[in-house]
Amino acid sequence: GVVLQCNNFEVIDLGVMVPASRILEEARKHQVDIIGLSGLITPSLEEMTHVAKELQREGFTVPLLIGGATTSRAHTALKIEPGYDHPVVWVKDASRAVGVAQSLISAELKSEFVARNRAEHAELRQLHQQKAGRTQSLSLAAARANRVAIDWQAYAPPPPAHAELLVLNDYPLAELRDYIDWTPFFHTWEMKGSYPKILQDAVKGGEARKLFADAQTMLDTIIREKWLTARAVLRLFPANSIGDDVELYDEHGRVRGVVHFLRQQESKGEGIANRCLADFIAPKTSGKRDCLGMFAVTAGLGIDAHVARFERSHDDYHAIMLKALADRLAEALAERLHQRVRGEFWGYAASETLDNEALIQERYQGIRPAPGYPACPEHTEKALIWDLLQAQKNAGMQLTDSYAMLPAASVSGYYLSHPQAKYFAVGKIQPDQLADYAMRKGWSKSDAEYWLAPNLG
């Protein structure tokens, strides 16, 4: 929106979490030339497909732009374009928006641009069909039989040093500064490259150094004037896996909740497991009590007033800068908290000595996967985290109807300690796992199809 406005486009920003009916209503009222949808989390993908079908049903002909962190050209071609007879264009990043928009409103450029876009999408669909024909999928039973092999009788799950709920209010931002991963910060500004190398880049280095200097100046002010408040809540629950689920217990062994995970179903080849996060938690049948941690952190409390102040003065640069820094601080808090979990609160790696670069490269034991990400892609599992941690009360964090976190500069997820625990992507699942997951969650088939849409073949 900012980039388009800077290039003389009038942008009607409806905000976030806007239903399809209002998008269509406002588009008609303003007689718009283009409709743009942006998706931050995976449920947005299914909503975009719905909007496209509604545009078709209501007789719209205007081009539809698709963008945002979770989107891709392939998803746009496979899922969204087939529902709308008129141009549907994926915009890779903000810097491309102007060229795309200008092509779509130009009498001279539009027909060729649209034809090329359609041809690219048709080719992607054909390649997808060919790949689907080559990909071998296992039944859920066969995938479960090929789970990660762990000798649980030879392994003693480490008990947590602190099993009670931990609430950390007003976490020192100055401490978090040292844990910031700056590479994603530059990606926010469409500057590809890794920090610190990007500062010396022959082409982008000058602009990168200026941006970094501005970020340091604002970060100084954020810390000095306490623009933002960081809070965290976590708990390490006694746990055992039962199939692809993990039961969480209280101190008396009573079940407090059940975490539902998904399993890879694509055939991996000889000796390669079909992984599920539950594989890394001791099975109940092992007779050994394991542990699964949950956490929720934010560094975005207090941000709205400052963003509004910048936007009132039409200072988009500093509004975006503040949001980007809040995101970095939230990720830094997640990194620092995980370090303290390994060293203090759980204590299974108390002798760990890693610098920030090693932390960023995840050279430590254990993982902290997050609902909505590839290893556990289903977002509604956040609800149990919020319930058990009382995240709204203890950290001032909320979940929207689509399970996005508010404030936006927030992170939540799980802690797993096993040395073999690694990140992975579940990928596409088959109808048998869809039905099994729906049964485990107490959902209808349509509910499961909605929330698992990105993982359906």
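The second largest pocket of this predicted model holds about 230 Å³ of space. Its lining draws on several stretches of the chain: Arg-177, Asp-178, Ile-180, Asp-181, Trp-182 and Thr-183 take part, along with Tyr-195 and Pro-196, and so do Asn-356, Glu-357, Ile-360 and Gln-361. Helix 13, spanning residues 356–360, gives the largest share of that lining, with three residues.

Gln-339 is worth a look next. This residue sits in helix 12, and with a relative accessible area of 15% it counts as buried, the cut-off being under 20%. Leaving aside residues up to four places away in sequence, Gln-339 touches Tyr-179, Glu-352, Leu-354 and Leu-359.

Helix 12 (316–345) turns up again in the surroundings of helix 11, as part of what covers the buried residues there; helix 10 (205–225) and strand 8 (290–301) are also included in that cover. The buried residues of helix 11, which runs over 303–312, are Ile-303, His-306, Val-307 and Phe-310. These residues sit on the same side of helix 11 because they cover an arc of only 100° around the axis. The spacing fits a familiar rule: an α-helix has 3.6 residues a turn, so residues three or four places apart point the same way. Turned away from the buried side, the other face of helix 11 carries Asp-304, Ala-305 and Arg-312, which are exposed. Just past the end of helix 11, His-314 adopts a positive phi of about 60°.

Strand 8, one of the elements covering helix 11, also has a partner of its own. Strand 8 and strand 11 run antiparallel and are joined by six bridges, with Ala-296 standing opposite Ser-412 in strand 11. As for strand 11 itself (residues 410–415), six of its six residues are buried, so the rest of the structure largely encloses it.

Elsewhere, three strands form an open sheet in the order 1-2-3, and the pairing is parallel. Strand 1 (35–38) and strand 3 (88–90) are the edge strands, each pairing on one side only. From one strand to the next, the twist averages 20°. Strand 1 pairs with strand 2 over four bridges, in the parallel sense, and Gly-36 faces Leu-65 of strand 2 across that pairing. Strand 2 (residues 64–67) in turn pairs with strand 3 over three bridges, again in the parallel sense; here Ile-66 stands opposite Trp-90.

Strand 1 shows a neat split between its two faces. In a regular strand the side chains alternate between the two faces of the sheet. Along strand 1, Ile-35 and Leu-37 point to one face and are buried, whereas Gly-36 and Ser-38 point to the other and are not.

Finally, helix 4 (residues 73–80) contains His-75. With a relative accessibility of 14%, His-75 counts as buried. Its contacts, again without residues up to four places away in sequence, are with Leu-45, Thr-49 and Ile-80.

Technical notes: Residues are numbered from 1 along each chain as its sequence is written. This is a predicted model: local features need pLDDT of at least 70, side-chain atom pairs count only at pLDDT 80 or more; totals for chains, interfaces and linings use all residues. Side-chain values use heavy atoms; hydrogens and water are left out. Two strands pair if DSSP finds at least two bridges between them. Axes are lines fitted to C-alpha atoms, for helices over the stretch in contact, and angles run from 0 to 180 degrees between N-to-C directions. Buried means under 20% relative accessible area, exposed over 50%, partly exposed in between (1.4 Å probe, protein chains only). The arc is that of the directions from the helix axis to the C-beta atoms. Contact means heavy atoms within 4.5 Å. On a 1 Å grid over the protein atoms alone, a cavity is a set of points where a 1.4 Å probe fits but cannot get out, and a pocket is an open set with protein on both sides within 12 Å along at least five of seven lines; lining residues have an atom within 4 Å of a point. Grid points are joined across faces, edges and corners, and a volume is the space filled by probe spheres set on the points.
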